[in-house]
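Biologist: I am new to this structure and would like to go through it by question and answer. Please show it before we start.

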Amino acid sequence: MSASEYKRQAAEFAAEMVEDGMVVGLGTGSTAAFVVEALGRRHKEGLRFVAIPTSLATEKQALGVGIPLTTFGEHARVNLTIDGADEIQRGTLNLIKGLGGALLREKIVAASSDRLVIVADETKLVDHLGMKTLLPVEVTSFGWESTARQIERLGAQASPRRNREGAFFVSDGGNLILDCRFPVISDAGRLEQDIRSIVGVVESGLFVGMGTDAIVAGGEGIAHLTVGA
Ligand SMILES: O=C(CO)[C@H](O)[C@H](O)COP(=O)(O)O
């Protein structure tokens, strides 16, 4: 079975966790897109919920499948957010997110959620963060070179993300993303604090202590992981 099929399986499983009356955070990326598709179907079948999307792309998809959207002006808390991730650390469920470029909104929604359920195929599970992917850090476009130098003092190589045309990738918030290559991350909480203390950094793609559940699909079936398990 392909990675895409495993992503769909995890997404379908997680979409069943949404209950009547919930405020739901909708993630971004190819796995989260399967969740939006499944929730659109459940909404048509009569499930009543409202949702807050984590990107313009997800907003468009959600509207397209008829999911009613809401805002933080109307709801202070989100009951359940379902999102993808680029790496999930076994045991802690600490995450690297943001290869899709939506990390700022994703983190705002995650921080306001009672439960953050991560959906993924098994290739995303790692023993230590930074083993497979770069760490995205969203920075203001003004002075990004200076901000990148400060991040590099923490031991990384930081490069601005570019789009297919070679221009800088610009996030939904109008910022740039620096893709940072760190040696394997041994203390994610400390690194997160160090990065966030740099002037010019808007957010980092390290999500520490936020994930409550991970639904991971692979060759041996679907696993529902919780922190510590
Ligand atoms: O953090 C993200 C976007 O900013 C995505 O959730 C992450 O990149 C995973 O994407 P995919 O489900 O396509 O593998």
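Modeller: One definition comes before the rest: two strands pair if DSSP finds at least two bridges between them. The model is a predicted one.

Biologist: With that in hand, which residue of β2 is the bridge partner of L26?

Modeller: Four bridges join β1 to β2, which meets the requirement of at least two bridges for a pair. The two strands run parallel. Across this pairing, the bridge partner of L26 in β2 is P53.

Biologist: Are the residues on the two faces of β1 buried or exposed?

Modeller: V23 and G25 are on one side of β1, and V24 and L26 are on the other. Both faces are covered, and these four residues are all buried.

Biologist: Which residues of helix α3 are buried, and do they line one face or opposite faces of the helix?

Modeller: An α-helix has 3.6 residues a turn, so residues three or four places apart point the same way. In α3, which spans residues 56-64, the buried residues are T58, E59 and A62. Seen down the helix axis, they fall within an arc of 105 degrees, so T58, E59 and A62 line one face.

Biologist: What covers the buried residues of α3, and which residues are exposed on its other side?

Modeller: The cover over the buried residues includes β1 (23-26), α2 and β2 (50-53). The other side of α3 has the exposed residues L56, K60 and G64.

Biologist: Which residue with a positive phi follows α3?

Modeller: The phi in question is near 85 degrees. The residue that follows α3 with this positive phi is G66.

Biologist: Which residues come nearest to the ligand, and which helix gives the most to the shell around it?

Modeller: There are 18 residues around the ligand, and G29, S30, T31, G84 and G100 come nearest. By class, the shell has five nonpolar, nine polar and four charged residues. Two helices, α2 (30-44) and α4, each supply at least two residues of the shell. With three residues, the helix that gives the most is α2.

Biologist: How is the protein divided into domains, and how many Å apart are the C-alpha centres of domain 1 and domain 2?

Modeller: Domain 1 takes in 3-127 + 208-226, and domain 2 takes in 135-204. The C-alpha centres of domain 1 and domain 2 lie apart by 24 Å.

Biologist: How many residues of each domain are in contact with the other, and which helix gives the most to the side of domain 1 that touches domain 2?

Modeller: The contact involves 13 residues of domain 1 and 13 residues of domain 2. By class, the domain 1 side has seven nonpolar, four polar and two charged residues. The element that gives the most to that side, with four residues, is helix α4 (residues 103-111).

Biologist: L134 lies in the loop between β7 and β8; is it buried or exposed, and which residues does it touch?

Modeller: A residue is buried if 20 or more other C-beta atoms lie within 10 Å of its own. L134 has 22 of them, so it is buried. L134 and D179 are 45 residues apart in sequence, yet their C-alpha atoms are 5.7 Å apart in space. Leaving out residues up to four places away in sequence, L134 touches D179, C180 and R181.

Biologist: In what order do the strands of the open sheet stand, and which strands are at the edges?

Modeller: Four strands form this sheet in the order β7-β4-β5-β12, with mixed pairing. Each edge strand has a single partner, so one side of it is left without a neighbour in the sheet; these strands are β7 (125-126) and β12 (206-207).

Biologist: In which sense do β4 and β5 pair, and what is the bridge partner of I88?

Modeller: Strand β4 (residues 87-89) and strand β5 (residues 95-96) pair over two bridges, in the antiparallel sense. The bridge partner of I88 in β5 is L95.

Biologist: Strand β13 pairs with β6 and with β14; which residue of β14 stands opposite A217?

Modeller: β6 (residues 116-121) and β13 (residues 213-218) pair in the parallel sense over five bridges, and V119 stands opposite I215 there. β13 and β14 (residues 221-226) pair in the antiparallel sense over six bridges. A hairpin joins β13 to β14 through two residues. Opposite A217, in β14, stands I222.

Methods. Residues numbered from 1 in each chain as written. Predicted model: local features only at pLDDT ≥ 70, side-chain atom pairs only at ≥ 80, totals over all residues. Domains from an automatic or database assignment. Contact = placed C-beta atoms within 7 Å. Nonpolar A, V, L, I, M, F, W, Y, C, P; charged D, E, K, R; others polar. Near = placed C-beta within 6 Å. Buried ≥ 20, exposed ≤ 12 C-beta atoms within 10 Å, placed from the backbone. Arc of directions from axis to C-beta.
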